[in-house]
Amino acid sequence: MLRIAGMTVLAASLALAACDQNPNNETPGSSVEGTPMANEVVPPEPVVTSLPRQDFADTVAASDAFEIASARLAAEKASTPEIKAYAQKMIEAHNTSTEKLKKEAAALTPAIKPDPVLSLEQQKKLDELGKLSGAEFERVYVADQIAAHEKALEVVQAYSADGDEPKLKTFATDAVKMVSDHLAEARKLGASGAKVANP
């Protein structure tokens, strides 16, 4: 009888011990299903502030290509002298930017080659611009210039601050002033919309 009673006590002890086991091997105070505890430090989400060097070069090359192509349309279709002059300036400035970008990209180790293929949005805007004429063309051209230079400014400012390639960071820093000036001029043209609408 004593032996049976002893086995009963042992069985009960083992059962209690099993109840205390943590099936998920969790330690007290740990999170459950990925939910952080009050005192648990959660790392912040990574913030992307600039493009990788190839993507940056491609984005700038496409931006230059869009500026040149749309400016050529403006040089042909615009009648307002200020817009024609602006368009000519865009052709010259962005051709220079393209050549400088190619030179800097070729000097990298390893070298990269900027791809100037337009985005779908850029190609769509260019196609739509080509169908317009007169005051409507000038209005849309100026609006496109403001939008395009705003986007370009964000790209070069970000790379200038956080880019992964020193040579391209220098290029981006230099480009910030150029793009800022072009944006200011485009906005000035947009502000004189009444004159543009009635050349």
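Modeller: One term before we start: a residue counts as buried under 20% relative accessible area, as exposed over 50%, and as partly exposed in between. Keep in mind, too, that this is a predicted model.

Colleague: Okay, then is E136 buried, exposed or partly exposed?

Modeller: The relative accessible area of E136 is 37%. Buried needs a value under 20% and exposed one over 50%, so E136 is partly exposed.

Colleague: And which side chain does E136 meet in a salt bridge?

Modeller: Look within helix α5, about one turn of the helix from E136, that is, three residues apart in sequence. The partner there is partly exposed, at 48% relative accessible area. The N to O distance of the bridge is 2.7 Å, and the side chain that E136 meets belongs to R139.

Colleague: How many salt bridges are there by this rule?

Modeller: A pair gets in when a side-chain nitrogen of Lys or Arg comes within 4 Å of a carboxyl oxygen of Asp or Glu. R53 with E165 makes the cut at 3.2 Å, and so does K151 with E121 at 2.9 Å. By this rule the count is nine.

Colleague: About R53 and E165: how many residues apart in sequence are the parts that the pair ties together?

Modeller: Their side chains meet in a salt bridge, and both residues are buried. R53 is in helix α2, while E165 sits in the loop between α5 and α6. The pair therefore ties together parts of the chain whose separation in sequence is 112 residues.

Colleague: Which helices does the pair of K151 and E121 link?

Modeller: Both ends are partly exposed, with K151 at 43% relative accessibility and E121 at 42%. The two residues are 30 apart, so to speak, in distant parts of the chain, and the helices they link are α5, for K151, and α4, for E121.

Colleague: Which residues are linked with K151 in a network of salt bridges?

Modeller: One of them you've just met, as K151 forms a salt bridge with E121. The network takes in another lysine as well, and the residues linked with K151 are E121 and K125.

Colleague: Switching to empty space, which helix gives the most to the lining of the largest pocket?

Modeller: The volume of the largest pocket is about 370 Å³, and 20 residues line it, with T59, S63, S119, Q122 and K151 nearest its centre. That lining divides into eight nonpolar, four polar and eight charged residues. Helices α2, α4 and α5 each supply at least two residues, but the one giving the most, with seven, is α5.

Colleague: How many cavities of 30 Å³ or more does the structure hold?

Modeller: A cavity is a space where a 1.4 Å probe fits but cannot get out. The largest cavity, at about 90 Å³, has a lining that includes H94, F171 and M178. The count of cavities of 30 Å³ or more is one.

Colleague: Which helix gives the most to the lining of that largest cavity?

Modeller: The lining residues are eight nonpolar, three polar and one charged. At least two apiece come from α2, α3, α5 and α6. With four residues, the helix that gives the most is α6.

Colleague: Where in the protein is the confidence lowest?

Modeller: The average pLDDT is 82, and 72% of the residues score at least 70. Helix α3 is the high point, at a mean of 98. Over residues 1-33 the pLDDT is below 50, and that stretch has eight contacts beyond near neighbours in sequence. At a mean of 42, confidence is lowest in helix α1.

Colleague: Which residues does the cis peptide bond join?

Modeller: Most peptide bonds are trans. Here omega is about -5 degrees, and the proline lies in the loop between α3 and α4. The cis bond joins T109 and P110.

Colleague: Last one: how far apart in space are I83 and E138, C-alpha to C-alpha?

Modeller: I83 has its place in helix α3 and is buried, because its relative accessible area is 0%. In sequence, I83 and E138 are 55 residues apart, and their C-alpha to C-alpha distance in space is 7.5 Å.

Methods: Residues numbered from 1 in each chain as written. Predicted model: local features only at pLDDT ≥ 70, side-chain atom pairs only at ≥ 80, totals over all residues. Heavy atoms only, no water. 1 Å grid on protein atoms, 1.4 Å probe; cavity = no way out; pocket = protein on both sides within 12 Å on 5 of 7 lines; lining within 4 Å. Points joined across faces, edges and corners; volume = space filled by probe spheres on them. Nonpolar A, V, L, I, M, F, W, Y, C, P; charged D, E, K, R; others polar. pLDDT = per-residue confidence, 0-100. Contact = heavy atoms within 4.5 Å. Buried < 20%, exposed > 50% of the residue type's maximum accessible area, 1.4 Å probe, protein only.
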